[in-house]
Amino acid sequence: MIPYLAVSLCIAICIEIALIVHIEKTAGRVQECMTASLGTVTRKGVSDHWKEKLLLYYSGRMFAASLKLGGLIFLIFTPALLLYYLGGRLDPAIPPFFISPKGLIFSTGLSIVYLPVRLSFRSSGKENQDYSASSRLLHHLALGPRIIREASFDVEQASLKAKPGGQGEHVFVSGLARAGTTLLMRLLYESGDFCSLTYRDMPFVLAPNLWKKLSAGSRKDMEKKERAHQDGVLVDFDSPEALEEVFWKTFCAEKYLHSDHLSPMQADKETVEKFRAYVASILCAHENAEGRYLSKNNNNILRLDAVRESFPNAVILIPFRHPLTHAASLMNQHRLFLKSQEQDAFALKYMTWLAHHEFGGGHRPFRFSDEAQAKGAPLTLDYWLRLWIDAYGFLYPKTNDVNGRLVCYEDLCENPATALDNLGKLAEIKRPMGRQNPIRSGGREVIDPYDPALLGKAESLYWQLREKGSWLTQAP
């Protein structure tokens with residue numbers, strides 16, 4: 001029974017991938033070029049000189065389309081290859097069954113039945129949602145197995161000619177979630193001086209160049225809509241997002257990603273070189289190989305030394321906000337994600353694949369030492385206040401005037417003109433910011449109970465952080 005189930009799952013995944021990448025369009029282009037070539041040879045009234053030129057033109061187009069078709073076929077049958085080579089670990093009977101006459105007949109018959117049913121389902125309009133069934137399967141394949149993520153990175157790097165550079169003046173935004181990291185990233189991104197990962201790079205986020213080529217025929221657009229955080233931030237496929245963490249999860253998960261928490265980590269030289277190469281591939285995919293990379297990744301507070309080693313000239317911005325309103329925002333988001341993930345299990349898997357454990361059903365707190373850890377229930381303000389104290393107490397000595405700057409959210413809201421001017425100078429941005437992403441205060445009245453002594457300790461640290469981050473509002 002297990003071999004039949006394994007082959008059935010494999011066939012379903014292969015067909016879903018074929019539907020997502022629209023392989024029929026690429027195959028159609030190959031056929032069109034072949035037909036045009038034959039028509040050129042038999043066309044009357046055209047000189048041999050022009051026939052030769054037309055044949056060269058159509059041959060080039062057919063060669064390019066054939067290469068893409070071959071890449072798509074390889075992508076589609078990747079699950080089958082994995083099943084054949086790795087299926088024996090699940091059940092020794094799977095590989096032999098897969099290539100046996102009985103297995104081939106079964107898989108062929110299942111494909112004949114499944115494909116028409118799936119096509120009718122697609123045309124019925126039932127996939128009008130953020131992530132269709134086929135898209136979810138592709139996310140499972142691309143982001144789930146570590147071996148697939150590593151393979152996609154290796155294939156990308158082997159086919160990429162961009163040389164990684166270690167001196168890029170890139171910008172990294174990192175801090176606790178809900179500290180204004182998204183706002184800060186968007187303010188910088190709208191300047192047009194930076195490249196960043198976007199939702200269009202999903203789900204093969206470690207191979208942005210290959211995925212861009214393979215998905216070109218199925219490129220879609222979407223209207224901007226509010227993101228899952230329900231905080232007024234609108235997103236579409238071209239919105240920059242924190243997808244970089246997939247890299248660190250793939251190559252360093254055992255160093256920082258634990259079953260119940262995340263801890264600080266150090267990266268070896270090999271990983272640092274891979275990260276440089278990864279950033280180079282992102283810049284290349286966004287057609288700006290000589291440009292600057294913009295990262296928003298809250299988990300980077302666990303590896304600031306690795307970021308500095310990778311790009312010594314990079315600017316690192318660490319946003320923070322008043323601990324009480326920050327803790328309340330974190331707690332509210334935790335409640336919101338718990339509710340939404342109960343209704344949609346895929347949402348929880350999606351956040352887990354991206355190693356986003358800030359809140360929700362997959363919450364895993366930062367633990368900066370065995371002694372310093374957030375105690376209590378995540379549905380209380382005291383829990384998040386402790387987490388705030390631990391995080392920014394850890395970060396305070398790691399900030400300086402060279403490449404690690406604190407950014408106070410309240411200062412940004414209260415004095416946006418000066419703050420944006422100073423940010424622009426620090427990041428060497430000549431264009432004005434704040435046009436597409438206006439700055440609004442996110443403070444709300446906090447009505448949940450909390451420990452006054454704990455808040456007093458947090459506020460003491462807050463004012464130290466604010467003094468150290470006073471550069472943001474200093475007059476020129």
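**Notes on the E1–E6–E7 strands and two buried side chains**

1. Strand E1 (residues 171-173) pairs with E6 in the parallel sense, over three bridges. Pairing here takes at least two DSSP bridges between two strands, and the elements are DSSP runs numbered from the N terminus, with helices (H or I) of at least four residues and strands (E) of at least two. One contact point to click on: Val-171 stands opposite Val-315 in E6.

2. Before going further, some housekeeping. This is a predicted model, where local features need pLDDT of at least 70 and side-chain atom pairs count only at pLDDT 80 or more, while totals for chains, interfaces and linings use all residues. Residues are numbered from 1 along each chain as its sequence is written, and side-chain values use heavy atoms, with hydrogens and water left out.

3. On its E7 side, E6 runs parallel to strand E7 (residues 404-408), and five bridges join them. Among the partners, Pro-319 goes with Val-407 and Phe-320 with Cys-408.

4. Strand E6 (residues 315-320) is mostly covered, with six of its six residues buried; buried means under 20% relative accessible area, exposed over 50%, and partly exposed in between (1.4 Å probe, protein chains only). In a regular strand the side chains alternate between the two faces of the sheet. For E6, Val-315, Leu-317 and Pro-319 point one way, Ile-316, Ile-318 and Phe-320 the other way, and all are buried.

5. E7 has five of its five residues buried, so it is largely enclosed by the rest of the structure. Gly-404, Leu-406 and Cys-408 point one way, with Arg-405 and Val-407 pointing the other way. Yes, that buried list includes an arginine, Arg-405.

6. Helix H9 (residues 181-189) is also mostly covered: eight of its nine residues are buried. Thr-182, Met-185 and Arg-186 are among them.

7. Asp-382, in helix H16, may interest you for its charge. Asp-382 is buried yet has no salt bridge, meaning a side-chain nitrogen of Lys or Arg within 4 Å of a carboxyl oxygen of Asp or Glu. The nearest side chain of opposite charge is Arg-386, 4.9 Å away; Lys and Arg count as positive, Asp and Glu as negative, and His and the chain ends are not counted. Leaving out residues up to four places away in sequence, Asp-382 touches Tyr-450, Asp-451 and Leu-454 (contact means heavy atoms within 4.5 Å).

8. Phe-368 sits in the loop between helix H15 (345-353) and helix H16 (381-395), and is buried, at 13% relative accessible area. Beyond four places in sequence, its contacts include Pro-264, Ile-301, Asp-390 and Phe-394. Phe-368 and Ser-263 are 105 residues apart in sequence, but 5.7 Å apart C-alpha to C-alpha.
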